[in-house]
Amino acid sequence: MKDVNERYRNFFQDVYAVVRLVPPGRVTTYGAIAHYLGSRSAARTVGWAMQSAHTFSGDEFVPCHRVINRNGMLTGKQFFGSPTAMQEALEAEGIVVHDDQVQDFAQRFWDPSTELQA
DNA sequence: GGGCTGACATTGA
DNA sequence: TTCAATGCCAGCC
């Protein structure tokens, strides 16, 4: 790596890139993205990137609804403007959501480190 | 310029 | 097995 600081700058972009790579009907976790970026414990930053995505993305649409916590729980649903927007967005893609929890999460789980073979 | 917060995850006891 | 503490990066005060 030529510049460590550059990696930090790309952190958010990497997060957005990975999230956008998530195919419809699939979901991923903060930890999976964090691990893919190199820091398994940086899940917090990934979640923060999601919040920034609301303002930063603007032009680019980041399917934040496909990014949930490791429990399969829709933690950031309230940040979608509507408490049910996230759930409905997932259901619209064929994902079954019950009680703010993704059903068949294991099957719906999409790991960038595995799928992208990185 | 320094410190706190935040949509989590992992490990230890 | 469950509960608690710590780590991570960027943004905001």
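**Entry 1. Surroundings of DNA strand B**

I count a residue as near a strand if one of its heavy atoms lies within 4 Å of it. The model I examined is predicted. With that cut-off, I found 16 residues around DNA strand B, and the closest are Tyr30, Arg44, Met50, Asn69 and Arg70. On the DNA side, I noted that sugar and phosphate make up 52% of the atoms of DNA strand B that come within 4 Å of the protein.

I then looked up individual polar contacts. For tyrosine 30, a polar side-chain atom lies 2.7 Å from a base nitrogen of DNA strand B. Glutamine 51 has a polar backbone atom 3.4 Å from a base nitrogen of the strand. For arginine 70, I recorded a distance of 2.3 Å between a polar backbone atom and a phosphate oxygen of DNA strand B.

Next I sorted the surface by element. Helix H2 (30-37) and H3 are the elements that give two or more residues to the surface near DNA strand B. H3 gives the most, with 7 residues. By class, I list 6 nonpolar, 7 polar and 3 charged residues on this surface.

**Entry 2. Helix H2 and its end**

I checked which residues of H2 are buried, and they are Tyr30, Ala32, Ile33, Ala34 and Leu37. Tyr30 is also one of the closest residues to DNA strand B. I counted burial on the protein chains only. Just after H2, I found glycine 38 with a positive phi of about 115°.

**Entry 3. The largest pocket**

I obtained a volume of about 180 Å³ for the largest pocket. Its lining consists of Tyr30, Gly47, Trp48, Met50, Gln51, His54, Cys64, Val67, Gly76, Phe79, Phe80 and Met86. Helix H3 (residues 43-56) supplies the largest share of this lining, 5 residues. I classed the lining as 8 nonpolar and 4 polar residues, with no charged ones. I note that Tyr30 and Met50, listed in this lining, are also among the residues closest to DNA strand B.

**Entry 4. Aromatic pairs**

I searched for ring pairs with centres within 6.5 Å. The count comes to 2 aromatic pairs. One is formed by phenylalanine 12 and tyrosine 16, with 6.1 Å centre to centre and 80° between the planes, an edge-to-face arrangement. The two residues are separated by about one helical turn because they are 4 residues apart in helix H1 (residues 4-21). I recorded phenylalanine 12 as partly exposed, at a relative accessible area of 24%, whereas tyrosine 16 is buried, at 3%.

Phenylalanine 105 and phenylalanine 109 form a tilted pair, with 5.8 Å centre to centre and 50° between the planes. Phenylalanine 105 has 17% relative accessibility and therefore counts as buried. Phenylalanine 109, at 28%, counts as partly exposed.

**Entry 5. Positive phi outside glycine**

I looked up two aspartates with positive phi. Aspartate 99 has phi near 60°, a positive value in a residue other than glycine. I located aspartate 99 in the loop between strand E3 (97-98) and strand E4 (101-102). Its relative accessibility is 62%, so aspartate 99 counts as exposed.

Aspartate 104 has a positive phi of about 55°, although it is not a glycine. I placed aspartate 104 in the loop between E4 and helix H5 (105-108). At 46% relative accessibility, I entered aspartate 104 as partly exposed.

How values were computed: Residues are numbered from 1 along each chain as its sequence is written. Chains are lettered from A and ligands numbered from 1 in the order in which they are written. This is a predicted model: local features need pLDDT of at least 70, side-chain atom pairs count only at pLDDT 80 or more; totals for chains, interfaces and linings use all residues. Side-chain values use heavy atoms; hydrogens and water are left out. Rings of Phe, Tyr and Trp (its six-membered ring) pair if their centres lie within 6.5 Å; planes under 30 degrees apart count as stacked, over 60 as edge-to-face and the rest as tilted. Buried means under 20% relative accessible area, exposed over 50%, partly exposed in between (1.4 Å probe, protein chains only). On a 1 Å grid over the protein atoms alone, a cavity is a set of points where a 1.4 Å probe fits but cannot get out, and a pocket is an open set with protein on both sides within 12 Å along at least five of seven lines; lining residues have an atom within 4 Å of a point. Grid points are joined across faces, edges and corners, and a volume is the space filled by probe spheres set on the points. Ala, Val, Leu, Ile, Met, Phe, Trp, Tyr, Cys and Pro count as nonpolar, Asp, Glu, Lys and Arg as charged, and the others, Gly among them, as polar. A polar contact is a pair of N or O atoms within 3.5 Å; within protein, one must be able to donate a hydrogen and the other to accept it, and residues adjacent in sequence count only if both atoms are side-chain atoms.
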